[in-house]
Every structure is written in C-alpha cells, then in structure tokens.
Amino acid sequence: MIRLDGVGQVFDGREGRVTALEEIDLHVRGGEFVTLIGRSGCGKSTLLRLIAGLLPPTSGAVQVAGEPVTGPRRDVSFMFQRPALLPWRSVLSNVMLPVEIDRGAGTKAAYLNRAHELLELVGLQGFERRLPHELSGGMQQRVSLCRSLIRDPQVMLMDEPFSALDALTRTELSEELQRIKMELATTIVFVTHSIEEAVVLADRVVVLTPRPGRMREVVEIGIPRPRSLGQNAHLTEVAEISGRLHALLAEKEVQDVRP
C-alpha cells in the first residue's frame, strides 16, 4: 500500500542544509498498522508529511496504492497531535468538514449517514450537536478520528494523536483505534514517543536513528489482538519487546557520541 524507496529529505536552514531523513526504504502492506519511534528530531513527522504528499522528497520515491505521490490524496487522511476542531462548528459539522471542502467527494446525504455511523462507533452518539468546548479532550480526539475516517481512506497517518491525553484516556483511545482498525482494515502509520504505545498498537515498529533519520531496525509484534496496557494478559510480552526497543534506541545514542 505504501512504498518509500531510497527516500531522503534535506531542508535549507539559516545555518546551512539539514538532512532530516536519509535512505529510507519502507514498504507497508495493505491493512497493516506500523508505528514509527525515535528521538525528537529524527524525522518521524517529516516521513508522514512525505507519505501524505504535503512535502516532496529531496531524493527517492514515495508511492501509495501503486501510484507516485505528487500531492495530497483523497484516500489518505492525516490526524494531528491536537484535535484542531473548529470551535464554532458542532461535532457533526466538524466531522463533515472534509466532505464540504472536497467538492468531488459525492452526495452529502451519504456522508451524513457515514458520519452518524462513525460517531456511534466511537461512543459519541447523542453528541452530534455539541460544540468542541463542551467535550473532554478524549471526546474531542474521537471527533478528530471520525473526521479522519469520514471519506473511508485507504491510509491513515497519525502524528502523536494521543500524546496530550491523560493515561487512562490514552489507553481507552488506543483500544478504540485497534477495534476500528480491525473492523475497517485501514492501513495506519502512527508516530509516537511512547514505546509501550507503539508495541500495543503495531504490527511492526520502525526504529529510526537520530538525525539524519535512517531505519535502525524493524521489529515484528506477534502479540494477539486486542491488546491493552490496562489488562494483564499481554503485559509480559509488551514489556519484553519494549525493553528491546529501549535498548535499540540507547545503543544508537551511544554509537553516535563515540569519536
């Protein structure tokens, strides 16, 4: 579903050129959930922007569904760290926003039905007329999730969407996201700074090196779904894989500071 071949990204800054990513070769299968982890500044968010078509690569090639990415695509959604809901629009109206912007999306009535289905799916049935300030942070992020799904994207790109939430809400939303992924078979690339969250959510975890970001290692997660940090069933397996990922990140840091 997603192919990155030899992808590199260089930015021109005030103090010269900065290489954010270098020689990224990543293939994501359809319906797969891949998480990206690495230290701040290693290019995780830049990688999402390249897949989304928000940024052209300096080198290499990016493809989605077998087609070169030359700009934003209708079948790719992007979910940010903050809900970014319009405060004057209702929950339902915020979910419908991408349809209103995209004139070629189809009939509004069909998407209205879809919006109601999604809100019910995330437990927000009955909140359609509420404004964002009337919702908790977790509820707002559920609205943002519905907005990302309204056009049934083939690919969802998620840039630390749960990082600003409290631990309990974060656990609940990670379980919600797994359930939605299993029902809809959407391909997801998810950026997080939480190693445990990466393990709980992913089919594979991609470890990036410090800048310039390169692929340090790809770790397969063979733990049966559904998974949860709030339950004891998989805590041992999650802890073991998390320890391995911590060691990979620490090992790379030591290598980088050697003369």
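## Helix α1 and the glycine after it

How many of the nine residues of helix α1 are buried? In this predicted model, the answer is seven, so the helix, which spans residues 44–52, is mostly covered. The buried residues are K44, T46, L47, L48, L50, I51 and A52. A lysine and a threonine therefore sit in this list alongside leucines, an isoleucine and an alanine.

Once α1 ends, look at the backbone of the next residue: G53 takes a positive phi of about 80° just after the helix.

## The sheet beside α1

An open sheet is built from four strands, and their order across it is β2-β1-β4-β5, with antiparallel pairing. The edges belong to β2 (16–28) and β5 (67–68); each of these has a single partner strand, so one side of each has no neighbour in the sheet.

Strand β1 covers residues 2–13 and runs antiparallel to β2, with nine bridges joining the two. One of the bridge partnerships links G13 to G16 in β2. Helix α1 packs on this sheet, where it touches β1, β2 and β4 (59–64). The direction of α1 makes about 115° with that of β1.

## Two nonpolar cores

Which residues touch the most other members of the largest nonpolar core? They are L145, I150, M158, L177 and F190, out of 32 residues in that core. Several elements give two or more residues to this core: helices α2 (91–95), α4 (108–121), α5 (137–149) and α6 (167–184), together with strands β7 (155–159) and β8 (187–191). A second core is separate from this one and has 27 residues, including A52, V64, L157 and L208. A52 is also one of the buried residues of α1.

L177 is a good residue to click on if you want to explore the larger core. Setting aside neighbours within four places in sequence, L177 is in contact with F33, L145, M158, F162, I188 and F190. Among these contacts, L145, M158 and F190 are themselves on the list of residues that touch the most other core members.

## An aromatic cluster

The model has three aromatic pairs. In one of them, the rings of F33 and F190 have centres 5.9 Å apart and planes at 45°, so this pair is tilted. F33 belongs to strand β3 (residues 33–37) and F190 to strand β8, so the pair ties together parts that are 157 residues apart in sequence. Both F33 and F190 are buried.

F190 has another ring partner in F162, again in a tilted arrangement, with 5.7 Å centre to centre and 55° between the planes. Here F162 comes from the loop between β7 and α6, and F190 from strand β8, so this pair ties together parts 28 residues apart in sequence. F162 is buried, as is F190. Together, F33, F162 and F190 make up one aromatic cluster, and each of the three is in contact with L177.

## Salt bridges, exposed and buried

There are 16 salt bridges in the model. One of them joins R17 to D12, with the closest N and O atoms 3.1 Å apart. Are these two partners buried or exposed? R17 is exposed, with a relative accessible area of 61%, and D12 is exposed too, at 64%.

Helix α6 holds both partners of another bridge, R179 and E176, which lie three residues apart, about one turn of the helix. Residues three or four places apart in an α-helix point the same way, because there are 3.6 residues a turn. The closest N and O atoms of R179 and E176 are 2.1 Å apart. R179 counts as partly exposed at 33% relative accessibility, whereas E176 is buried at 12%.

Helix α6 also supplies K181, which forms a salt bridge with D203. Their closest N and O atoms are 3.6 Å apart. D203 lies in the loop between α7 (195–201) and β9 (204–208), so this bridge ties together parts that are 22 residues apart in sequence. K181 is buried, with a relative accessible area of 12%. Elsewhere, R29, E32 and R204 are joined into one network by salt bridges that share partners.

How values were computed
Residues numbered from 1 in each chain as written. Predicted model: local features only at pLDDT ≥ 70, side-chain atom pairs only at ≥ 80, totals over all residues. Heavy atoms only, no water. Core = buried A, V, L, I, M, F, W, Y, C linked by side-chain atoms within 4.5 Å. Buried < 20%, exposed > 50% of the residue type's maximum accessible area, 1.4 Å probe, protein only. Contact = heavy atoms within 4.5 Å. Salt bridge = Lys/Arg side-chain N within 4 Å of Asp/Glu carboxyl O. Pairing = 2+ DSSP bridges. Axes fitted to C-alpha atoms, helices over the stretch in contact; angles between N-to-C directions. Phe/Tyr/Trp six-rings, centres within 6.5 Å; stacked < 30°, edge-to-face > 60°.
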